[in-house]
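Student: Please pick one spot in this model and take me through it up close, then work outwards from there.

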Amino acid sequence: MRDIERHPGEMREHSLDLATPEKWGEGLLSIPEGETLELDVRLESVHEGILVSGTVDTTATGVCGRCLIDITEPVEVEFQELFAYPGDEASDYDVQDDHVDLENLVRDAIVLSLPFQPVCQPDCPGLDPNTGERLTESPGNTEQTPADPRWAALQQYTPDDGDALRAAPKTEKS
Ligand SMILES: [Zn+2]
């Protein structure tokens, strides 16, 4: 970065894969230690410092906030921050010596983006208040419901049986 520092207008782009040095996030979803971070970063030298922008892709793991099943979610976050030169106006991030601390920036961007109430699916029905069991399967366990005989009959048709299919009497739902 030394080559662009104090050279307004200069720009550098980097793509890098990093790994989280520790678990990021305290909520139901977090980024585990050692998870891959795919970073596309642009460093732009401006008068006040270094403007850092880019995107990071990673994967969050945790549990559904309703039914507590394990889930993983892709995370893609955009970030942009000005790293100010020391002595200039106060900012959240400073250019220190000759580098910018990308780690804090990326961590903050990711942690802020993690949902407080992640769900395994948008309509997760959660837990049965009586039994504490997951209600993810539709009410009335479908596995034990015998197959609808009308569908069973249809499954036996082959394309050659087209006439038979058309001839089949319509059955009303009883
Ligand atoms: Zn769920």
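Tutor: Let's start at V46, which touches P8, L51, L82 and Y85 once its neighbours within four places in sequence are left aside; a contact here means heavy atoms within 4.5 Å. V46 sits in strand β3, and β3 covers residues 36–46. Strands (E, at least two residues) and helices (H or I, at least four) are DSSP runs, numbered from the N terminus. I4 is 42 residues away from V46 in sequence, yet their C-alpha atoms are 9.3 Å apart in space.

A word on ground rules: this is a predicted model, so local features need pLDDT of at least 70 and side-chain atom pairs count only at pLDDT 80 or more, while totals for chains, interfaces and linings use all residues. Residues are numbered from 1 along each chain as its sequence is written, and side-chain values use heavy atoms, with hydrogens and water left out.

Stepping back, the chain has three helices and six strands, running β-β-β-β-β-β-α-α-α from the N terminus. Among contacts with a separation of 6 or more, 57% join residues 24 or more positions apart. Of the 174 residues, 26% are buried, meaning under 20% relative accessible area (exposed is over 50%, partly exposed in between; 1.4 Å probe, protein chains only).

Strand β3 also feeds the largest nonpolar core: β3, β4, β5 and α1 each supply at least two of its residues. That core has 30 residues, with I50, V52 and F79 making the most contacts inside it. "Nonpolar core" means buried Ala, Val, Leu, Ile, Met, Phe, Trp, Tyr and Cys residues joined through side-chain atoms within 4.5 Å. In soluble globular proteins, nonpolar side chains tend to be buried together. Neighbours within four places aside, V52 touches V41, R42, L43, F79, Q80, E81, F83, V100, L102 and L105.

F83 from that list leads to the one aromatic pair in the whole structure. F83 and Y93 are tilted, 5.1 Å centre to centre with 35° between the planes. Rings of Phe, Tyr and Trp (its six-membered ring) pair if their centres lie within 6.5 Å; planes under 30 degrees apart are stacked, over 60 edge-to-face, and the rest tilted. F83 is in strand β5 and Y93 in strand β6 (residues 93–94), ten residues apart, and both are buried.

Now the metal. A zinc ion is held by the SG atoms of C64, C67, C120 and C124 at 2.3 Å; donors are N, O and S atoms within 2.8 Å of the metal (3.2 Å for Na, K and Ca), and since water is not among the atoms, sites may look incomplete. The donor residues are spaced C-x2-C-x52-C-x3-C. C67 lies in the loop between β4 (49–63) and β5 (70–84), and C124 in the loop between α1 (102–113) and α2 (149–155), so this pair ties together parts 57 residues apart in sequence. C67 and C124 are both buried; C64 is buried too, at 0% relative accessible area, while C120 is partly exposed at 28%. For disulfides, which need two cysteine sulfur atoms within 2.5 Å, the count is zero.

One last stop in the β4–β5 loop is L68. Its phi is near 70°, a positive value in a residue other than glycine, and L68 is exposed at 52% relative accessible area.
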